[in-house]
Amino acid sequence: SLDAEGMTRFLGTLERMVDALFHYPGPIVAWINGHAIAGGCVVALACDHRLMTREPKARIGLNEVPLGLRFPPKTWRLVTHRLPAHARDRVVLEGGLYAPETALRLGLVDELVAGEVEARAYAERIAAAPRAAYVAAKAALREGVLEVGPGEEHHFREAVLPAWVTPELKTRLLAVLAR
């Protein structure tokens with residue numbers, strides 16, 4: 001229901017959040033215990049480690065393309081950086097919503113865990129690493145990955161963002177949400 005101004009604010013907030021999570025100077029473990037679709041999947045991809053429930057009804061995926069959307073620039077950089085090359089085309093172009101086993105195979109998640117206790121134990125193990133070493137290694141791994149030039153930002157705002165607020169898109173989204 002957002003207009004162009006509201007969508008600009010929303011996507012700007014999403015891009016800043018992706019950047020903040022991706023560059024946070026410490027470990028971030030995503031515990032995906034239900035659905036992580038579109039923006040939820042993006043948030044998980046911004047984390048260092050992604051653990052997902054084994055619950056077969058849970059789904060994760062990037063369904064932007066089937067909805068007719070193009071990714072904001074930083075989000076696009078994140079997606080192409082975090083998804084393994086062997087699965088990138090399938091995950092982005094197919095836009096499927098994948099069960100845990102398939103999500104693991106496609107690299108959307110790093111590990112499947114039985115429940116919160118196992119997820120917390122994993123997070124505690126990661127957090128036990130010497131902080132300075134973890135932060136330095138993470139910064140080196142992330143350096144330059146999400147850098148977007150002003151031309152890309154301008155192109156997104158002027159040429160791509162308008163598609164995010166069309167009546168046709170809103171109709172498609174309502175149909176998806178109704179299912």
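I began with β3 and strand β5 (residues 111-113), which pair in the parallel sense over 3 bridges. The model I am reading is a predicted one. For a single position in this pairing, I looked up L51 and found E111 of β5 opposite.

Next I turned to strand β1 (residues 29-32). I found 4 bridges joining β1 to β3, and these two strands run parallel. Here I noted A30, whose bridge partner in β3 is R50.

I then put the pairings together. The open sheet is formed by 3 strands in the order β1-β3-β5, with parallel pairing. β1 and β5 are the edge strands, each pairing on one side only. I also looked up the twist: neighbouring strands of this sheet are turned by 30 degrees against each other on average, direction ignored. As a reminder to myself, strands of a sheet pair through backbone hydrogen bonds, either parallel or antiparallel.

Last, I asked how many residues of strand β3 are buried. The count is 5 of the 5 in residues 49-53, so β3 is largely enclosed by the rest of the structure. Buried here means under 20% relative accessible area.

I checked the two faces separately, because side chains in a regular strand alternate between the two faces of the sheet. On one side of β3 I listed H49, L51 and T53, all buried. On the other side are R50 and M52, also buried, and both faces of β3 are thus covered.

How values were computed: Residues numbered from 1 in each chain as written. Predicted model: local features only at pLDDT ≥ 70, side-chain atom pairs only at ≥ 80, totals over all residues. Heavy atoms only, no water. Buried < 20%, exposed > 50% of the residue type's maximum accessible area, 1.4 Å probe, protein only. Pairing = 2+ DSSP bridges. Axes fitted to C-alpha atoms, helices over the stretch in contact; angles between N-to-C directions.
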